[in-house]
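Good morning, colleagues, and thank you for making time for this presentation. Please look at the sequence and the structure before I begin.

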Amino acid sequence: DIGIGEGFFSRLCLQKKAKTISLDFADPMIQYHKENNPDFTLVQADAQYLPFKNQSFDTILALDVIEHLPSPSDFLNEVNRALKKGGQMILTTPNTGNIIEETLKMPFRVLSKFLPIKMREKDVDHCTHMKEFSVRELRQLLRKSKFKILTFNTFNENILYKVLDPT
């Protein structure tokens with residue numbers, strides 16, 4: 001589980017009896033989970049330089065991570081390297097092409113230029129997005145990184161991909 005966040009998906013994997021490693025770059029997240037989730041196997045590392053041997057994992061979760069990284073292609077290459085032959089990555093990321101979501105955000109963007117609007121705590125995270133993708137951009141990036149897209153969905157503002165290592 002790359003980018004563990006609040007730990008929801010790591011917890012879900014553990015409940016399903018899956019061997020789970022939870023990785024995050026941010027020391028506060030690692031410390032939080034050390035204190036609150038002692039059953040988690042935690043690794044502090046950069047997602048673009050995964051500290052694992054080649055072909056280590058059957059499945060890698062990357063839920064709302066890729067948009068925070070300076071080099072999404074390096075990240076995808078690392079995931080590809082760490083996946084076992086036939087392994088899969090499950091990836092979610094905001095969808096810049098979602099017209100409904102963008103339309104709903106528009107009044108707040110305009111108002112924020114004139115009024116002191118305080119962001120909700122959970123929205124502050126979006127300030128660290130380095131690159132958000134359209135469906136087309138992400139498909140191209142995944143293919144360039146030699147991933148085969150198995151399923152694809154958009155929901156709310158997110159794009160959900162389930163992709164397989166091509167080999």
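**Aromatic pairs, a core and salt bridges**

F9 is partly exposed, with a relative accessible area of 37%. I begin with this residue, and I should say at once that we are looking at a predicted model.

What does F9 form with F8? The two residues make an aromatic pair of the edge-to-face kind, with 4.9 Å from centre to centre and 90 degrees between the planes. The partner, F8, has a relative accessibility of 56% and therefore counts as exposed, since the cut-off for that class is over 50%.

F8 and F9 also belong to a nonpolar surface patch of about 290 Å², to which L12 contributes as well. L12 lies in helix 1, which covers residues 8-15. With a relative accessibility of 33%, L12 counts as partly exposed.

How many aromatic pairs does the structure hold? There are two. Beside the pair of F8 and F9, there is one formed by F52 and F57, edge-to-face, at 4.9 Å centre to centre and with 90 degrees between the planes. Is F57 buried or exposed? Its relative accessibility is 17%, and because buried means under 20%, F57 counts as buried.

Let me turn to the interior. The largest nonpolar core has 25 residues. Those with the most contacts inside this core are I2, I66, F75, L76, V79 and M89. Four elements give two or more residues to the core: strand 3 (57-63), helix 3 (72-82), strand 4 (83-94) and helix 6 (135-144). Which of the elements gives the most? Helix 3 does, with four residues.

I now come to the charged side chains. The count of salt bridges comes to four, and I shall describe some of them.

One of them joins D58 and K84, whose closest N and O atoms are 3.6 Å apart. This pair links distant parts of the chain, as D58 is in strand 3 and K84 is in strand 4, 26 residues apart. K84 is partly exposed, at 34% relative accessibility.

Another salt bridge brings together the side chains of R81 and E78, at 3.0 Å from N to O. Both residues are in helix 3, and because they are three residues apart there, about one helical turn separates them. At 23% relative accessibility, R81 counts as partly exposed. E78, by contrast, has 15% and counts as buried.

A further salt bridge is formed by K131 and E137, with 3.0 Å between the closest N and O atoms. Here K131 is partly exposed at 33% relative accessibility, and E137 is partly exposed with a relative accessible area of 32%.

K131 has a second contact to mention. Over the ring of which residue does its charged end sit? The ring is that of F133, and the charged end of K131 is 5.4 Å from the ring centre. A similar description applies to R139, whose charged end sits over the ring of F152, 4.5 Å from its centre.

To close, I would ask you to keep three places in view. At helix 1, L12 joins F8 and F9 in the nonpolar surface patch. In the interior, helix 3 gives four residues to the largest nonpolar core, while R81 and E78 of that helix meet in a salt bridge. Finally, K131 forms a salt bridge with E137 and has its charged end over the ring of F133. Thank you for your attention.

Conventions. Residues numbered from 1 in each chain as written. Predicted model: local features only at pLDDT ≥ 70, side-chain atom pairs only at ≥ 80, totals over all residues. Heavy atoms only, no water. Phe/Tyr/Trp six-rings, centres within 6.5 Å; stacked < 30°, edge-to-face > 60°. Buried < 20%, exposed > 50% of the residue type's maximum accessible area, 1.4 Å probe, protein only. Lys NZ or Arg CZ within 6 Å of the ring centre and 35° of its normal. Patch = residues over 30% accessible without salt bridge, like charges linked within 9 Å, V, L, I, M, F, W, Y side chains within 5 Å. Areas by Shrake-Rupley, 256 points an atom, 1.4 Å probe, with all protein chains shown as cover. Core = buried A, V, L, I, M, F, W, Y, C linked by side-chain atoms within 4.5 Å.
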